[in-house]
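Thanks for sharing this one. Here are some notes to read alongside the model, set out as numbered points.

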Amino acid sequence: MHEIVTYTSSVPFLAVLVSLAAVPLIYASSNRPNMREFWTLAAAFIKFPLVLSLLPGVMAGEVAEFTIVQISASPDIALKLRADAVGMLFAVVASGLWILTSFYSIGYMRGANEKKQTRYFASFAVCLSATIGIAFSANLLTFLIFYEILSLATYPLVIHKENKEAMRSGRQYLLYAMSAGVVLIAAIGITYSIAGTLDFNPGGIFGGILLDPVLIKVVFILFIAGVGVKAGIMPLQSWLPAAMVAPTPVSALLHAVAVVKAGVFGVIRVVGFIFGPEVMHEFSLNLILATFSGATVILASLIALNQDDLKRRLAYSTVGHLSYIVLGVALLTPEGFTGGLLHLSNHATTKICLFFCAGAIYVNLHKTKISQLDGIGRVMPWTMGAFTIGALGLAGVPPINAFVSKWFLCQGAMAADQTIILGIFLLSGLLNAAYFFPIVQRAFFRPGGKDLEKHGEASLFMVVPICIVATLSVLLGLQPNLILNMYDLAAGISQSVFQLPAVFIASGVWP
Amino acid sequence: MLEFIQGYYAYIFLATAFTIGLYGMMVKQNLMKKVLGMSIVAATTIMFWIVGAYKEGAGVTVLDPRIGVEDPGMYLNPLPHTLMLTAIVVAVVTLGVALALLIGIYREYKTLDEPTLLERMK
Amino acid sequence: MISSQAPILIPMTFLFAAMLIPLVGAVNRAAAHLTAVLGSALALYFSVIGMQTTLAQGRISYHIAGWMPPIGIEFVMDPLSAFICALLCGVTFIVMVFGKRSVEYEIPQKEIAFYSLSMLLLGGLAGMVMTGDLFNLYVYLEIAALAGYALVAIGDKRAVVSAFRYLVMGTVGATFYLLGVALIFISTGTLNMADIAQLMPMVQDSPAVIVGLVLIVLGTALKMALFPMHAWLPDAYTHASTTATALIAPIGTKVSAYVLFRVLFFVVDPDHLRTELLNLLQIIGYLGAAGIIWGSIMAICQSELKRMLAYSSVAQVGYIAVGISLASPLGFIGAILHALNHAVMKCCLFFISGNMRLRLGHSMIPQMTNGLRKSMPWTSAAFTLAAISMIGLPPTAGFFGKWYLALGAIEQSHWIFLSALLISTILNVAYFFRVMERMYLKPQEPEGVDYSEQTIVRSEAPASMLVPTLFLALSLLVLGFANAWIVTNLIVPMIPGWL
């Protein structure tokens with residue numbers, strides 16, 4: 001990494017805006033499904049290159065900034081976007097997977113004959129805008145604004161089915177999300193009153209300020225409660241399994257990638273860019289974070305074991321893996337931080353793969369329970385093959401990408417001399433295997449019922465994205481720097497947060 | 001104590017009347033009595049201004065050739081009196097509106113008793 | 001030329017229109033509405049010109065009949081009064097445009113009285129804002145109040161009773177105010193606000209002045225429906241015609257809040273306010289915080305949309321009270337910005353209830369169905385936007401009022417105020433999403449019918465009502481993004497120097 005140079009560019013703004021601009025177009029063509037989905041795809045295909053176009057700059061240490069408008073007069077804070085390395089990492093993952101999810105959505109929504117597809121696609125586009133906005137936020141207020149937009153835009157997706165269960169989940173979701181927003185307002189306000197700035201800064205903004213130990217703990221807990229709701233840190237996780245009533249593409253992209261990762265991303269921002277490792281150490285804030293996330297990793301895995309509903313099992317697995325990332329960040333070692341960041345992207349590809357498979361099974365065979373899955377591997381070999389790859393990956397089997405991030409996380413735990421955390425990582429790997437492998441075993445090694453005979457593989461709109469994400473998971477496992485330089489990005493971020501010399505990065509090769 | 005009463009008896013009287021009026025407005029259940037209370041309150045407020053403008057030994061604010069302009073202390077402050085003309089008008093208008101509303105209520109519900117009124121409004 | 005006369009022109013325009021409307025209406029009923037629209041447009045024009053001049057050249061002082069203050073009555077346009085006045089005129093103009101169809105439908109045959117009284121109300125309110133004289137303020141306050149009682153009385157069957165209750169409470173408030181002014185007059189011998197402010201340091205320790213101030217605050221608090229003196233408000237707002245509510249709700253309580261601002265921050269001596277009157281400020285703040293929570297909880301319990309909105313007004317007044325009690329620049333900014341935002345949001349929401357009454361014949365929440373999203377899509381969309389803003393989610397206007405208030409509370413470590421502000425957000429979610437669920441989602445009961453599947457005739461409100469509604473809803477987004485501009489250019493100049 002070179003010295004960071006900032007330049008003004010409207011590209012980050014355009015990247016946020018493009019899917020928002022698609023919303024009126026989607027509504028305008030609500031009676032013509034093909035046209036409507038064209039707009040979704042068009043927005044997705046414009047957004048991803050826009051995000052990617054910033055990547056070379058970021059790798060070279062050039063950060064694009066864009067001030068949209070002054071949003072608060074006193075204190076003087078602007079609605080400002082800043083495409084730095086962490087933001088890029090998240091934005092690339094979210095916008096890249098949106099393309100696949102868009103194709104998959106079309107197949108899924110048409111296959112399942114869902115109603116109100118216009119509202120669905122429109123909300124989805126708003127969610128993506130908000131996610132990219134979160135990724136590129138330059139300060140906490142901007143972050144909060146996009147965070148709230150995301151909360152709100154996800155609501156119509158959660159209640160999509162409009163039945164009793166969906167409404168109940170929707171209410172629960174609203175309660176959690178809105179409380180989180182409220183808590184964040186308090187945390188941000190207090191942060192401003194202490195630090196006098198809200199700009200994200202690698203290494204924290206509290207440096208050189210005499211801090212009140214009680215107040216700083218309160219602020220930290222408020223922050224973690226605020227972003228932890230979306231990150232599903234226990235005991236704030238219960239909305240996530242409930243929100244699985246949403247259509248599967250929503251669960252896949254939003255409740256495995258965009259929304260929940262926005263929460264994790266918030267944790268990363270707060271720990272690395274607001275508090276900074278030193279303050280975290282000084283007031284043992286990492287202990288608070290590690291306790292909660294460590295407990296979540298184990299408990300969520302144990303709960304997942306007992307779930308018969310496939311999507312709920314995946315949801316609890318998501319809860320566990322999100323806390324992996326948080327735990328990695330809480331280690332406060334460069335390796336742990338890098339591992340957490342890598343897991344953010346790696347868990348995204350593998351988990352989205354698993355959700356896609358669950359959706360394909362639902363649309364094709366109308367099965368949602370794991371106990372019904374006997375023998376489906378023979379009917380849907382591609383789908384279940386991809387599922388196996390995803391499951392192996394999350395269990396931490398090489399050469400799939402999640403292994404790489406787990407490796408770094410374990411290294412981080414060792415570097416921090418935290419044997420308990422290391423134990424948690426290893427134990428949860430086993431539990432992952434324990435709750436995923438029975439599914440694979442059922443699908444391939446048990447005879448299927450007669451009802452399977454007339455069915456074949458799901459529609460191509462769904463199978464192709466599934467295969468792509470599965471392949472991506474493997475390729476990124478073999479070569480983490482493939483195309484998108486995820487590893488360099490992650491390592492560079494750790495370097496800037498921990499303010500290490502550039503030597504730390506062994507560019508391009510993972511150990 | 002006696003001195004206090006002697007010095008402020010007008011205010012004490014007004015305060016008592018004000019409290020009675022307020023009591024009528026808040027506690028009485030007949031709407032007409034509330035209006036009566038309101039009138040008492042308005043009248044005491046006006047009196048309060050007038051009493052506040054009272055000066056021992058001073059006369060009305062008309063230029064008196066025997067006193068001249070040298071000693072303004074010999075004249076009352078005319079301002080509160082004139083202001084209270086306005087306040088009286090306001091009080092009368094309020095009373096008028098209140099009575100009009102009462103007539104409206106009576107036409108609609110045939111009662112001015114609050115509990116009965118609440119009963120009939122259901 | 002106009003600019004130096006603006007302070008007097010605005011109330012006079014309204015009062016003149018109030019006189020003109022019965023005359024015009026006697027000839028042609030439709031012309032009454034037109035006169036009201038034109039009158040408020042003219043007043044809006046004057047207030048904008050006045051505001052520009054004030055911001056560029058400082059306060060405009062108009063001496064009535066040429067008598068110099070402090071002897072004569074002075075009308076003052078400074079950034080604060082110019083802003084509130086522009087807000088009044090703007091809201092009135094939009095409500096008058098909106099009113100035509102709604103008034104015809106809800107209170108047929110009473111249009112002329114309605115328009116004349118609205119103009120009278122506005123004349124009173126504008127006078128309250130403009131005047132620099134405490135007694136003159138009382139007179140305008142009573143003009144506005146009397147017109148308000150009558151406006152409320154022209155409503156549904158129960159409106160007369162609500163109007164009577166409103167009258168009783170309003171009179172008590174006005175009487176307290178007048179007594180307070182008497183005590184201040186006795187101590188200072190003047191009624192001109194600027195003059196009193198100069199004399200204050202000499203008399204501030206006199207019990208008469210303190211009691212006078214407390215009485216003024218008490219009277220004003222009654223008028224602005226500060227908890228627990230809010231009992232008159234929900235009834236009055238519910239039973240008045242929708243247009244009348246849309247007019248009174250956004251601005252009526254705000255003007256009383258303005259009086260509180262005027263007296264506490266521009267008349268009282270700052271040092272005095274910070275020392276001996278601190279308790280008074282604190283009490284205002286705690287009552288405001290209690291009102292925020294109580295109003296929100298009561299709003300959740302209501303089944304009628306207008307009544308729910310009325311209780312939410314009680315809560316919103318609490319925000320302003322909290323802002324006042326902080327007595328800091330952030331609190332000031334928050335309170336004024338919230339007054340602006342709330343005026344726009346509440347006006348929009350009452351418009352929506354008017355649209356529903358026109359098309360559905362009622363605005364009962366339990367009877368709303370998801371047919372609404374088909375039959376009145378734009379009204380429903382406007383409701384969504386206004387609700388989001390009321391809840392206080394960014395980037396709508398409502399968020400930023402809360403943001404400044406929250407920062408102000410944090411700055412002074414007022415954790416109770418902060419929690420009240422934040423808890424109310426959650427409560428607002430509860431009562432607004434309750435309505436939105438009914439508007440947009442299938443009924444929950446298994447036996448319930450899905451109205452959206454039936455052939456629903458699209459019956460959106462007429463353009464004269466829909467356009468103002470949508471305009472206000474969209475302006476919530478604009479206000480949100482422009483809030484920094486508004487604060488820097490309009491609100492900061494009105495903060496008194498000592499804050």
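1. Let me begin with a term: a cavity here is a set of grid points where a 1.4 Å probe fits but cannot get out, and its volume is the space filled by probe spheres set on those points. Please keep in mind that this is a predicted model. With that in place, the largest cavity holds about 200 Å³ of space, and the structure has six cavities of 30 Å³ or more.

2. Which residues lie nearest the centre of the largest cavity? They are L125(C), Y166(C), K223(C), G252(C) and S256(C), out of a lining of 18 residues. Two or more lining residues come from each of α4 (111–130), α5, α6, α8 (207–223), α9 (232–239) and α10 (242–267) of chain C. By class, the lining splits into twelve nonpolar residues, five polar and one charged.

3. Now to how the chains meet. Two pairs of chains are in contact, and chains A and C share the most contacts. Chain A and chain B do not touch, and 34 Å separates their nearest C-alpha atoms.

4. The contact between chains C and A takes in 33 residues of chain C and 37 residues of chain A. About 3,100 Å² is buried between these two chains, with carbon and sulfur atoms giving 74% of it. The size of an interface is often given in this way, as the accessible area lost when the parts come together.

5. How many salt bridges cross from chain C to chain A? There is one: E437(C) pairs with R171(A), and their closest N and O atoms are 2.6 Å apart. Three residue pairs are in polar contact across this interface, counting those with both residues at pLDDT 80 or more.

6. On the chain C side of that interface, α14 (329–360), α17 (397–411), α18 (415–440), α19 (463–481) and α20 (483–491) each give two or more residues. The biggest contributor is α18(C), with nine residues. This side of chain C has 24 nonpolar, five polar and four charged residues.

7. Turning to chain B, 36 of its residues are in contact with 29 residues of chain C. Together chains C and B bury about 2,800 Å², and 85% of that is on carbon and sulfur atoms.

8. Between chains C and B, too, the count is one salt bridge. The partners are E114(B) and R165(C), whose side chains meet at 3.9 Å, N to O. Polar contacts across this interface number two residue pairs, both residues being at pLDDT 80 or more.

9. Which elements of chain C face chain B with at least two residues each? They are α5 (134–153) and α6 (159–188), and α6(C) provides the largest share, 19 residues. By class, the side of chain C that touches chain B has 23 nonpolar residues, two polar and four charged. Both helices are also worth viewing from the other direction, as α5 and α6 of chain C are among the elements lining the largest cavity.

10. One last item, on salt bridges in general. Over all chains, the whole structure has 15 of them. One within chain A joins K369(A) to D309(A), with the closest N and O atoms 3.9 Å apart. That pair links distant parts of the chain, 60 residues apart: K369(A) sits in the loop between α13 (334–365) and α14 (376–379), and D309(A) in the loop between α11 (285–305) and α12 (310–330) of chain A.

Notes
Residues numbered from 1 in each chain as written. Chains lettered and ligands numbered in written order. Predicted model: local features only at pLDDT ≥ 70, side-chain atom pairs only at ≥ 80, totals over all residues. Heavy atoms only, no water. Contact = heavy atoms within 4.5 Å. Buried area = accessible area lost by both parts, 1.4 Å probe. Salt bridge = Lys/Arg side-chain N within 4 Å of Asp/Glu carboxyl O. Polar contact = N/O pair within 3.5 Å; in protein donor to acceptor, adjacent residues only side chain to side chain. Helix = DSSP H or I, 4+ residues; strand = E, 2+ residues; numbered from the N terminus. Nonpolar A, V, L, I, M, F, W, Y, C, P; charged D, E, K, R; others polar. 1 Å grid on protein atoms, 1.4 Å probe; cavity = no way out; pocket = protein on both sides within 12 Å on 5 of 7 lines; lining within 4 Å.
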